Amino acid sequence: MPDLSRLDVPDRRDGEAYVMSRKLELAVDIAYATGRPLLLRGDPGSGKSSLAAHIALMRGARYYEMVVTSRTQAQDLLWTFDSVRRLADAQLRNDVDDRNYVEPGVLWWAFARDSALELALGVEPEFDTNAERSSSHAVVLIDEIDKADPDLPNGLLVPLGSNRFRVTETGTVVEIDHAPSSSPDSRNLIVITTNEERELPQAFLRRCVVVWLDHPDADGLVAIARSHLDTYEGGMSKADEDLAFELAAAVVELRAEMAREAARPPSTAEFLDALRACRRLGITTNSPEWQELRDMALVKQQPN
């Protein structure tokens, strides 16, 4: 029986159902071996944002994430300082301690968990998961970095290259708090994604391991569908497999059609959406409703 508490969550971050290509596995190994961030490029819905949680799960590493917006600054990934609260407190008393207004960012948690825990009074992001994970190894997802100003990637060059930074307001130096291991697998891994909405600085690209996530072929799409159904819904039946192959062939055909029209192709995430809808509604590519489902879930044409 499927675990009903895990159904109806289309965008997951548990890392449990992910199919890695040989190229992607190699890219992860290279990032660990070099200690460089792993920059994932590719179309939206290609699985970039889900990879970090999968790696963390497979390697027993702590997991932290931050979704970048147009307002995000490089410092936000290191620490934030509540200057408004500090000013209000300073108006009431003279003995304010600047350390009480510092909040660790995701990179602080990855670099120096103990000092982050002290500042955060023991409240760790993803506490239930991270409490059981490695104290010396973390995976950090910095999602959609292309949404930020170019100053953000450049502002991360020194912290990511040296594994240390200095908190301006307190003078505290934050750096890796565990001794290096002979095994590259014990290193932290920083996974960064971009949807190519803005060109990234060349200096930043030179300091990353870069890989493009290609669209999977029909067999790859079915393998992804099988992984999701096995993990979340109790397995893939023969009827599910036939439907998955049917939809995968339709998606591959649509990609070729979209390429001719210079339009955005359907993503892997949209393939999974179409599969969920077809399974639950009893629709196949021969059903009267197929054309409309195809247009709504896969094509999603924009008005001219």
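The accessible surface of the chain comes to about 16,000 Å², and carbon and sulfur atoms contribute 49% of that area. The model is a predicted one, and its chain contains 13 helices and nine strands. Of the 304 residues in the chain, 43% count as buried.

**Overall dimensions and contacts**
- The C-alpha trace of the chain, taken along its principal axes, spans about 75 × 45 × 45 Å.
- Among the contacts in the chain with a separation of 6 or more, 76% are accounted for by residues that lie 24 or more positions apart.

**Charges**
- The chain carries 34 positive and 51 negative charges, and the mean positions of these two sets are 4 Å apart.

**Helix α11**
- Helix α11 runs over residues 238-260, and at 1.5 Å a residue its 23 residues should span 33 Å, which agrees with the 34 Å that separates its end C-alpha atoms.
- The buried residues of α11 are Asp-240, Leu-243, Ala-244, Leu-247, Ala-248, Ala-250, Val-251, Leu-254, Arg-255 and Met-258, so that the list includes the charged residues Asp-240 and Arg-255.
- An α-helix has 3.6 residues a turn, so residues three or four places apart point the same way.
- The cover over the buried residues of α11 includes three other helices, namely α10 (218-232), α12 (268-281) and α13 (290-299).
- Just after α11, Ala-262 adopts a positive phi of about 55°.

Note on methods
Residues numbered from 1 in each chain as written. Predicted model: local features only at pLDDT ≥ 70, side-chain atom pairs only at ≥ 80, totals over all residues. Heavy atoms only, no water. Helix = DSSP H or I, 4+ residues; strand = E, 2+ residues; numbered from the N terminus. Buried < 20%, exposed > 50% of the residue type's maximum accessible area, 1.4 Å probe, protein only. Contact = heavy atoms within 4.5 Å. Areas by Shrake-Rupley, 256 points an atom, 1.4 Å probe, with all protein chains shown as cover. Charge placed at Lys NZ, Arg CZ, Asp CG, Glu CD. Expected span 1.5 Å × (residues − 1).
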